[in-house]
Structures are given as C-alpha cells and as structure tokens.
Amino acid sequence: MIFENLPTTPRSEELIDKAFSRAARSGKAKGGLEAQQSMLTIAVNITSDNLENVVKAWPDFEYIDPFYYELADAIVDVDELRQSLSKVTWASRQIEDLGREYQPKLRKTDPEVARKHRKQAFARIADIMEQISNELLAIGQARDALKNLPDIRPDEPAIVIAGYPNVGKSSFVNHVTRASNEIAEYPFTTRDVQIGHVERDHIRYQLIDTPGLLDRPEDERNDIERQAAGAIEHLADTVLFFVDASGNCGYPLDVQLELRDSVAARFEDRDIPVLTICNKSDQSTAVEADAYMSVKNNEGVDEVLDLAIDAVDFEPELPSRGE
C-alpha cells in the first residue's frame, strides 16, 4: 500500500535541535576556521536533506491510481497536502542556498569573524524552519491519517459488496474467503471495512465490504463518506448488491431496492455490472434477482461467487514475446 511506509515527519524544532547539536559536537572536535566551516556544513546538510526526504517519501499525486487519490483526498485534502510539501521543498532549497552563500564568508578570515557569520547563518536556518513549522505538522498529521488504510490493490480485480446492514454481506465475505480474510479500518467510518481474498486460476480477487459508504442513501452520508464512495467507483470491477426479501434485516424491500438503483446509477457510466443477490433465500425469494442464496444454510454461496468472478471477466496482462 502506497502510504503505509511513510516515515514519521519530524517537527521543526526537533530538526533544528538535531542539526545544531550535531554541529556543536563537530565544532568541539575541531578548531579555528575549520570548526565554523564544519558546523555550518553539518547544520545545512541535516536540515536540507531531512526536509528533502520528507517530500520524497510521498508518492507523486499526479501519477497515483485514481482510487488512492480520491481516497486520500477524502481524508486529508490532497491540494493542501501538496502545498505543504511544496513549501517544504522550498525551505530545503533555501537552506542549501544559504550554505553556499555563507561558506565563502568563513574562508580567509579570522575565527571570531567566521563565528559571527556562522551564528548568523544558524539564525537564518532557524527562521526558515520556523516558517514551515505548520507545514511539517500538517504533513505529519496527513501521514498518520493515511498510513493505516487497508491494503486495497487497484491492480487486482475487485468485487464490491453493497447493501443495507444485516443483509449478510460480512457473512458472505467470511464464508467464501475463510481464513484468508482480513479486517481493516478506514478512518472515515467507525465501522470496519472487511477485505477478503479468493484465488481462481492463479488470479487473486478482492472482496470488499464498505460499511458507511454503500449501505445507506447518499443524502445520509457525510462529505467524507460521499467522496470515499466516489473512490470505490475507480476500484470496483463488479458490485454485488445484497437484499433481504423478507425485510428481517430491518429495512423494507422497496427501500432496499431504491438503494440498489442508486448504486447501479453510480456505476453505470463506467459500465460496471451491479448484480442483485437475494440472501436469506430460506426465508423469502420474493424479489427479482440475479442469484438466490442462503449463507446460513450454505446454499448457492459458491454459485454467487462464480457469478461475480464471471462478471468481472478479468484477463491478466501477459508480457509479449518481445519483452
């Protein structure tokens, strides 16, 4: 997952303390002009390099998969994050330029004058770092918000499970994935997002249940949930919409079908199949559906999975003979 290995972002004061303390140790080991030159070089390198590394650790949002872009934007506001990263890049380059400006001043002069120039350079470094203190905090907060997103892979076929609560979505994912399922939490919902995996013909399929996103009408979702639901549009290859025809899930069938129709409309532009699955068929089959099953009684479950995989119609890209 592209965000999980992002390193901890240093705070401005932490980076200044690190740079200046190491510079001081270096200065004590040397003397005269050499001490002042060494202190400046170390302070410039530590601050500039660490700031550059903060920026380089992040993926280029111009080129990441649209799913991850939309997901990140739903949580942290990508435009603001990119502005913060840009200002940190500016600070790194300013400090590099400052080092080039002051190093000649520390040559061919007496140690006391060199010391004054070095202290002046340190003050300017500290000022630059202070100017980006808020940006470093914002980048750190964005990193903390994104690093624990579940490992959903846009390059693998995805079957999204939708429908109102208590219609058997999680039971289905647990059943067909057995021990290979995993639970992860999105930060924009208090409920767990369940991700399971099944393999057919050496192809791994992701089954994704998204509570808080596709289990209630759009006008009942908050802004973050609506945008995150939009991210799912970039991910899904097929949608299974579960209904409980008996209504024992707590939602009347007509209300369930209204949500089904709105979900189908959401994926219509991308020509993503939305299949209606009647679960709890042991209680009622009074609905027109693409398949009927009872997870509780293990009836029709494998057939629903086969139907979904057929609807995905995934063909892996094979390298040509010339590659």
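These notebook entries record what I looked up in a predicted model.

**Entry 1. The annotated N-terminal region**

I began with the record. UniProt, in an unreviewed entry, places the feature "domain: NOG1 N-terminal helical" at residues 3-152. I then looked up the secondary structure of that stretch: residues 3-152 are 75% helix and 0% strand. The C-alpha atoms at the two ends of the stretch are 11 Å apart.

**Entry 2. Helices α4 and α5**

I next examined how helix α4 (residues 78-102) lies against helix α5 (residues 111-131). Their axes come within 10 Å and cross at roughly 175°. Since an angle over 145 degrees counts as roughly antiparallel, α4 is roughly antiparallel to α5.

I listed the residues that make this contact. From α4 they are Lys87, Trp90, Ala91, Gln94, Ile95, Leu98, Glu101 and Tyr102. From α5 they are His117, Gln120, Ala121, Arg124, Ile125, Ile128, Met129 and Gln131. Sorted by class, the contact holds nine nonpolar, four polar and three charged residues.

I also looked up Arg93, which is found in helix α4. Its relative accessible area is 54%, so Arg93 is exposed. The C-alpha atoms of Arg93 and Pro150 are separated by 35 Å, with the two positions 57 residues apart along the chain.

**Entry 3. Ile132, between α5 and α6**

Is Ile132 buried or exposed? I found a relative accessible area of 0%, so Ile132 is buried. Ile132 sits in the loop between α5 and α6.

Which residues does Ile132 contact, leaving aside neighbours within four places in sequence? They are Leu51, Lys87, Val88, Trp90 and Ala91. Lys87, Trp90 and Ala91 also belong to the α4 side of the contact with α5. For one of these partners I noted the separation: Ile132 and Trp90 are 42 residues apart in sequence and 9.5 Å apart in space, C-alpha to C-alpha.

**Entry 4. Asp144 in α6**

I then turned to Asp144, in helix α6 (residues 133-146). Asp144 has a relative accessible area of 44% and is therefore partly exposed. The C-alpha atoms of Asp144 and Ile277 are 37 Å apart, the two residues being 133 apart in sequence.

**Entry 5. The buried face of α7**

Which residues of helix α7 (residues 169-177) are buried? I recorded Lys169, Phe172, Val173, Val176 and Thr177. Viewed down the axis of α7, these buried residues fall within an arc of 105°, so they line one face of the helix.

**Entry 6. Two residues with positive phi**

I checked the backbone for positive phi values outside glycine. Most residues other than glycine have a negative phi. His202 has a positive phi of about 65° although it is not a glycine. The position of His202 is in the loop between β3 (193-200) and β4 (203-209). With 77% relative accessibility, against a cut-off of over 50% for exposed residues, His202 counts as exposed.

Asp271 is another such residue: its phi is positive, near 60°, and it is not a glycine. Asp271 is found in the loop between α9 (253-268) and β6. Its relative accessibility is 67%, so Asp271 also counts as exposed.

**Entry 7. Thr276 and Ser294**

I looked up Thr276 in strand β6 (residues 274-279). At 4% relative accessibility, Thr276 counts as buried. Residues up to four places away in sequence aside, Thr276 touches Phe241, Val243, Arg260, Glu288, Ala289, Asp290 and Ala291.

Where does Ser294 lie? I located Ser294 in the loop between β7 (291-292) and α10 (301-312). Ser294 counts as buried, at 1% relative accessibility. With the same exclusion of residues up to four places away in sequence, Ser294 touches Asn279, Lys280, Ser281, Asp282, Glu299 and Val301.

**Entry 8. Glu315, after α10**

My last entry concerns Glu315, in the segment after α10. At 65% relative accessibility, Glu315 counts as exposed. How far apart are the C-alpha atoms of Glu315 and Ile125, and what is the separation along the chain? I noted 55 Å between the C-alpha atoms and 190 residues along the chain. Ile125 is one of the α5 residues in the contact with α4.

Terms used:
Residues are numbered from 1 along each chain as its sequence is written. This is a predicted model: local features need pLDDT of at least 70, side-chain atom pairs count only at pLDDT 80 or more; totals for chains, interfaces and linings use all residues. Side-chain values use heavy atoms; hydrogens and water are left out. UniProt positions are given in the numbering used here, feature names are shortened, and annotations may be inferred rather than shown by experiment. Helices (H or I, at least four residues) and strands (E, at least two) are DSSP runs, numbered from the N terminus. Buried means under 20% relative accessible area, exposed over 50%, partly exposed in between (1.4 Å probe, protein chains only). The arc is that of the directions from the helix axis to the C-beta atoms. Contact means heavy atoms within 4.5 Å. Axes are lines fitted to C-alpha atoms, for helices over the stretch in contact, and angles run from 0 to 180 degrees between N-to-C directions. Angles under 35 degrees count as roughly parallel, over 145 as roughly antiparallel, 65 to 115 as roughly perpendicular and the rest as oblique. Ala, Val, Leu, Ile, Met, Phe, Trp, Tyr, Cys and Pro count as nonpolar, Asp, Glu, Lys and Arg as charged, and the others, Gly among them, as polar.
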